[in-house]
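Trainee: Could you walk me through one small part of this model, residue by residue? I'd like to hear where things sit and what surrounds them.

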Amino acid sequence: MTYYAIRRSIKEGNPSSNERTGDRAAMERQFHLYCASCATNEAGNEFDAVEWGTVEGGKLDRKVWEHQAEN
């Protein structure tokens, strides 16, 4: 099986994505690294979605952040 981890973000209205493929352990690790990065939102994104799964079977887990501006 081919595993993937993908991060989709929106910053200043512009969408971007970063996708990787590899073995199960590496992609599960990448999923959690993406999650940690999204949780702290040091990039200043407005929206982040992170997913991992298999190309053959689809997603195993997905998390979404809608970041609010700090006042």
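Mentor: Sure, let's start with phenylalanine 47, which belongs to strand S3, residues 47-54; helices (H or I, at least four residues) and strands (E, at least two) are DSSP runs, numbered from the N terminus. Before going on, a word on the source: this is a predicted model, where local features need pLDDT of at least 70 and side-chain atom pairs count only at pLDDT 80 or more, while totals for chains, interfaces and linings use all residues. Residues are numbered from 1 along each chain as its sequence is written, and side-chain values use heavy atoms, with hydrogens and water left out.

Back to phenylalanine 47: it counts as partly exposed because its relative accessibility is 24%. Here buried means under 20% relative accessible area, exposed over 50%, and partly exposed in between (1.4 Å probe, protein chains only). Setting aside neighbours within four places in sequence, phenylalanine 47 is in contact (heavy atoms within 4.5 Å) with Arg8, Ser9, Ile10, Val64, Trp65, Glu66 and His67.

Now hop to glutamate 12, 35 residues away from phenylalanine 47 along the chain, with 9.8 Å between their C-alpha atoms. Glutamate 12 sits in the loop between strand S1 (3-11) and strand S2 (14-22). With 65% relative accessibility, glutamate 12 counts as exposed. Its phi is near 55°, a positive value in a residue other than glycine.

Asparagine 41 also has a positive phi, near 50°, and again this is a residue other than glycine. You'll find asparagine 41 in the loop between helix H1 (24-40) and S3. Asparagine 41 counts as buried, because its relative accessibility is 18%.
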